[in-house]
Every structure is written in structure tokens, then in C-alpha cells.
Amino acid sequence: MNLARITGTGSCLPQRAVTNQDLEDLVDTSDDWIWERTGIRKRHIVSAGETTASLAEQAACQAMQMAGKRPQDIDLIILATTTPDQVFPSTACLLQQRLGIHGCAAFDIQAVCTGFIYALSTAEKFIRTGSARCALVVGAETLSKIVDWTDRTTCVLFGDGAGALVLEASEESGILSTHLHADGAYENLLRVPGGISNREASGYIEMRGNEVFRMAVTTLGRIVDETLEANQLHKSDIDWLIPHQANIRIIQATAKKLGMGMERVVVTVDQHGNTSAASIPLALDVAVRDGRIQRGETLLMEAFGGGFTWGSVLAKF
Ligand code: COA
């Protein structure tokens, strides 16, 4: 069995930043309310010409550059998104085309905010079993396209962006464990109710925020316990928490569960909002590039999202 190691990271945000003050002109909200309840200051929103695939391309190019990989070195592309450019080809195939990669497997994964954890976990299985040696794993979203910009309870929360990493077969330990879960019983708490088959149009995000919040905190607490137990680790063995960035209060609750000071938690929700499947690889790239995360450190990535889906990846960087 091969081990799978992260060898490059990259990210991309749309040019246009939308502040909380900008949203005060759209809906009955305030910078103070958004900041106090969510920890968000601004988010980036795509303009004409920017799409999920175009953001993914820039993030992927950066990750490949850091890993020293050319297009012909990539033998697997997995892209997590809830906001694909088209019904088909998959956004992974559109990305493959943009990168000039031919022939390798490329497919999308849809697990909403847990999508990147699902994608990374799947890529790791391909590498461990020898089916791939150099995978591009991407989380990319244009959530702004499925947000109702007249609904103050949701529109202040989400943003667009992409993050990517290169995962390579290695003899050094990298991904230590992955844990994936879902429970489809909670559709009524968080959903986009339309789709091709039932309405021929997607519709917009609907959420019972308070209930989602409570479920997220308890479920993420359980996934932390499950991950530590499976690896026979203590809380203090984790160097960095890289959580899905939905709400600073959810992140703080998980950090508390781990007994971690916030200085060991990568927080980007203030700058990016909730970018769904893109949020973890975006946060990872920020902390790798600013020098906080160093080789050999132990990272806990975790997410909770629509479905409900939830999961974690424990990795030695
Ligand atoms: N600006 C101002 N007021 C707002 C508002 C906004 N943008 N959105 C909601 N409010 C109001 C509500 O209407 C409500 O008013 P009322 O008391 O007069 O009825 C009040 O603020 C409190 O609303 P509530 O929903 O109880 O607030 P909250 O503390 O639960 O915070 C969320 C709302 C959405 C920030 C929070 O529930 C949350 O983050 N939930 C989880 C979201 C999430 O993580 N989703 C994705 C999972 S991946």
C-alpha cells in the first residue's frame, strides 16, 4: 500500500469583494449583526466571466506549481462542488480541458460543505490502492448563484472561491485517516429544493440556521472524538485545526472541544464567508503560504454540511 502526501496547495478568490456594509444596501442587516453572529467581515463574489471552473483552474495551477507538477503528471482529478458550471461535462472534466490534461479519470463529488473532505478521502483511496499516483483534489464553488439575495438569513453567509491540492503517492506518512458520514434525514433543515429532475431549475439555499448550528456543533464534536480515537492520539497531538468555515462560533466550539487556543486554528471565515466545498482547501493554502503550517505538523480538517454530511481528514503535512 502506498501512502498519500500533500505536496502542493493553491487557491483562488474572485476579484470582487463584498463587505457587510455593501449588504446593508441589499437587505435589512448590519455589519454588527453579521460580525457578532457569524464572524464574517466580507466575502468574494464572481463577476461575469468567472465560474466555478475558472476559479478551480487558477487554484489547481498554483497547487501544481508548488508541487512541481506538469499537466502530464496528473493521473486523477476529483473536484468537489455543489455549483457546477454545467450539468455535464462535469466541472472536473472542464478543469481537465482547461489544464490540457488528457485521459486520466476526472469526476465531481457532491457532498455540499463536506465535499472537499469526501474528495480528499476518495483520492487517498485511489493512491493507497495504487490506482493513481498524483491526484489533483479541488473544492470550487460559486455559491452566490444559489443564494437568494433578498433573504437576509442566508445571503450574508456565503461566498465564492476555490482551493486545490496535489496528493501524491509517497513513502512518508501523509494522510493518516479519513472519516466520512451522512444522514439524509435532515433535508428540511438545509437544502436547495430544486434541481433538473424535479423543477428544471435549481432554486436557492433554504436553511433553518439555528437548528443547523446546534447539529453542526454536536456532530463536529463527535467527529473530533472519532478521529482522535481511531489514531490513538491525544488532543495535544494536533498542531492545526483547519475547519470548514461556516461560522466563527461553530469553529470556536470545535477548538474548545480540542482544548486548542484559537492561535492554532486557521480562520478565514472573516475574509471568505462560507465557500462550502472550497473553504477547507482555501484555508489550508492561506496558512501554508503565510508560513504558519510547516512540514511534519499534524492537521485536522473537518466539515459539516447539507445532506447532512460530515467528516474529517487527519494528515501529517
Ligand atoms: N441581519 C439581521 N438580523 C438577522 C439576519 C441578518 N442577516 N438574519 C437573521 N436575523 C434575525 C432573525 O430574523 C431573528 O430575528 P427575530 O428574533 O426578530 O426573529 C434574529 O436575527 C435571530 O435569528 P437566529 O436565526 O436565531 O440567529 P442565530 O444566532 O441562530 O444566527 C445564523 C443565525 C444563520 C448565523 C446561525 O444560526 C448559523 O450560523 N447557523 C449555521 C449556519 C451554517 O453553518 N450553515 C451551513 C452549514 S455548512
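A salt bridge is taken here as a side-chain nitrogen of Lys or Arg lying within 4 Å of a carboxyl oxygen of Asp or Glu. In the predicted model, a network of such salt bridges links Glu124, Lys125 and Arg128. Within this network, the closest N and O atoms of Glu124 and Lys125 are 3.4 Å apart. Glu124 has a relative accessibility of 5% and therefore counts as buried, whereas Lys125, at 41%, counts as partly exposed.

The structure holds 15 salt bridges, and two further pairs were examined individually. Side chains of opposite charge can pair when their charged atoms come close. Glu211 and Arg208 meet through their side chains in a salt bridge, with an N to O distance of 2.9 Å. Glu211 is partly exposed at a relative accessible area of 29%, and Arg208 is likewise partly exposed at 38%. Asp290 forms a salt bridge with Arg292, for which the closest N and O atoms are 2.8 Å apart. Here Asp290 has a relative accessible area of 46% and is partly exposed; Arg292, with 30% relative accessibility, also counts as partly exposed.

Unpaired acidic residues were considered next. Asp22, Glu24, Asp25, Asp32 and Glu36 form a negative surface patch. At least two residues of this patch are supplied by helix 1 (20–24), and at least two by helix 2 (31–38). Glu24 is located in helix 1. Its relative accessibility is 34%, so Glu24 counts as partly exposed; this value also satisfies the requirement of over 30% relative accessible area for patch residues.

Methods: Residues are numbered from 1 along each chain as its sequence is written. This is a predicted model: local features need pLDDT of at least 70, side-chain atom pairs count only at pLDDT 80 or more; totals for chains, interfaces and linings use all residues. Side-chain values use heavy atoms; hydrogens and water are left out. Patches are made of residues with over 30% relative accessible area and no salt bridge: like charges are joined within 9 Å, nonpolar side chains (Val, Leu, Ile, Met, Phe, Trp, Tyr) within 5 Å. Accessible areas come from the Shrake-Rupley method with a 1.4 Å probe; for residues, only the protein chains shown count as cover. Lys and Arg count as positive and Asp and Glu as negative; His and the chain ends are not counted. The place of a charge is taken as NZ of Lys, CZ of Arg, CG of Asp or CD of Glu. Helices (H or I, at least four residues) and strands (E, at least two) are DSSP runs, numbered from the N terminus. Buried means under 20% relative accessible area, exposed over 50%, partly exposed in between (1.4 Å probe, protein chains only).
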